[in-house]
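This briefing introduces a protein structure to a reader who has not met it before. Please look over the sequence and the model first; the points that follow are grouped by topic.

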Amino acid sequence: MRKLLCLGLLACCLLFTPPAMSAEPERSRPSVPEELTDAWERFQRALHEWGGRVWERMGSRGSREDRPVITQVLNNREALGLSADQVRKLEQLRDGFQRQSIRNDADLRIVELDIAALLENDPVDLVKLEAKMREGEKLRTDFRLARIRAIEQARGLLNAEQKKKLQELDLQLLVPRAPRFGQNPSSREREQPSR
């Protein structure tokens, strides 16, 4: 394995180093075409944005706020002992929030298109740009608040015993699962006894 790694490293060095001696002196030319540089910068921005979205989903902020609480409650209706009326009200809450989510996503995409169009102008109209950016942030904030409101309304439909069972289910979801066949367990999973 080490030999392959060393050979790969050596091959990369040989490919990317300029020849030490050449027959004619190198003329002044751009090292990378401008189109390729622009494409590379767009790729880096897209990768950075994608990484930010992944971090938002997996990072520290998302613990309580980003979980699909209403769906989790509905999926565990038997374990929680939900009544038919509770299930109906929870489904209405979930469906209403999903509709609002679709509308919000569409509005946010339109705002992002408007921002992109404003950025193409030379010079950029900063007053209009700022207004559009604030509009986008307001949409994001309103959506987060609507989600939290829906979750709190859903929790308000549960009695004390159901809330306690839901907390127990939350704790079970946070426990790491055993590795699938053919995968090595992480060090943390190896330390925990299996249930």
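D105 counts as partly exposed, at 35% relative accessibility; here buried means under 20% relative accessible area, exposed over 50%, and partly exposed in between, with a 1.4 Å probe and protein chains only. The model is predicted, so local features need pLDDT of at least 70 and side-chain atom pairs count only at pLDDT 80 or more, whereas totals for chains, interfaces and linings use all residues. Residues are numbered from 1 along each chain as its sequence is written, and side-chain values use heavy atoms, with hydrogens and water left out.

**Overall make-up**

- The protein has eight helices and zero strands; helices (H or I, at least four residues) and strands (E, at least two) are DSSP runs, numbered from the N terminus.
- From the N terminus on, the order of elements is α-α-α-α-α-α-α-α.
- The protein has 195 residues, of which 17% count as buried.
- Where contacts (heavy atoms within 4.5 Å) are between residues at least 6 apart in sequence, 65% of them join residues at least 24 apart.

**Surface**

- About 16700 Å² of the protein is exposed, and carbon and sulfur atoms supply 58% of this area; accessible areas come from the Shrake-Rupley method with a 1.4 Å probe, and for residues only the protein chains shown count as cover.
- W40, F43, L47 and W50 make a nonpolar surface patch of about 480 Å².
- Patches are made of residues with over 30% relative accessible area and no salt bridge, with like charges joined within 9 Å and nonpolar side chains (Val, Leu, Ile, Met, Phe, Trp, Tyr) within 5 Å.
- Within this patch, W40 belongs to helix α2, which covers residues 34-58.

**Salt bridges**

- Side chains of opposite charge can pair when their charged atoms come close.
- The structure holds 12 salt bridges, each being a side-chain nitrogen of Lys or Arg within 4 Å of a carboxyl oxygen of Asp or Glu.
- D105 pairs with R109 in one salt bridge, where the closest N and O atoms are 3.2 Å apart.
- R109 and D105 are separated by about one helical turn, because they are four residues apart in helix α5 (residues 84-120).
- R109 counts as exposed, at 57% relative accessibility.
- Another salt bridge joins D114 and K132, with 3.0 Å between the closest N and O atoms.
- This pair links distant parts of the chain, 18 residues apart: D114 lies in helix α5 and K132 in helix α6 (residues 126-156).
- D114 is partly exposed, at 28% relative accessibility.
- D85, R88 and K89 are joined into one network by salt bridges that share partners.
- R94 and D95 also meet through their side chains in a salt bridge, at 3.6 Å from N to O.
- R94 is partly exposed with a relative accessible area of 23%, and D95 is likewise partly exposed, at 30%.

**Nonpolar cores**

- The largest nonpolar core has 16 residues, among which I70, V73, L80, L82 and L90 touch the most other members.
- Helices α3 (69-75), α5, α6 and α7 (160-174) are the elements that give two or more residues to this core.
- A nonpolar core is a set of buried Ala, Val, Leu, Ile, Met, Phe, Trp, Tyr and Cys residues joined through side-chain atoms within 4.5 Å.
- With neighbours within four places in sequence left aside, V73 is in contact with L80, L82, L90, L158 and L166.
- A second, separate core of six residues includes L108, V111, I115 and L118.
- L80 sits in helix α4 (residues 77-80) and counts as buried, at 2% relative accessibility.
- Leaving aside neighbours within four places in sequence, the contacts of L80 are V73, Q162, K165, L166 and L169.
- L80 and L158 are 78 residues apart along the chain, and 9.0 Å separates their C-alpha atoms.

**Helix α5 and the loop after it**

- Helix α5 has 37 residues and reaches 54 Å from its first C-alpha to its last, close to the 54 Å expected at 1.5 Å a residue; the expected span is 1.5 Å times one less than the number of residues.
- The buried residues of α5 include Q86, V87, F97 and N104.
- A117 is also in helix α5 and is partly exposed, with a relative accessible area of 42%.
- The C-alpha atoms of A117 and L129 are separated by 9.5 Å, the two residues being 12 apart along the chain.
- Most peptide bonds are trans.
- The bond from D122 to P123 is cis, with omega near 5 degrees, and P123 lies in the loop between α5 and α6.
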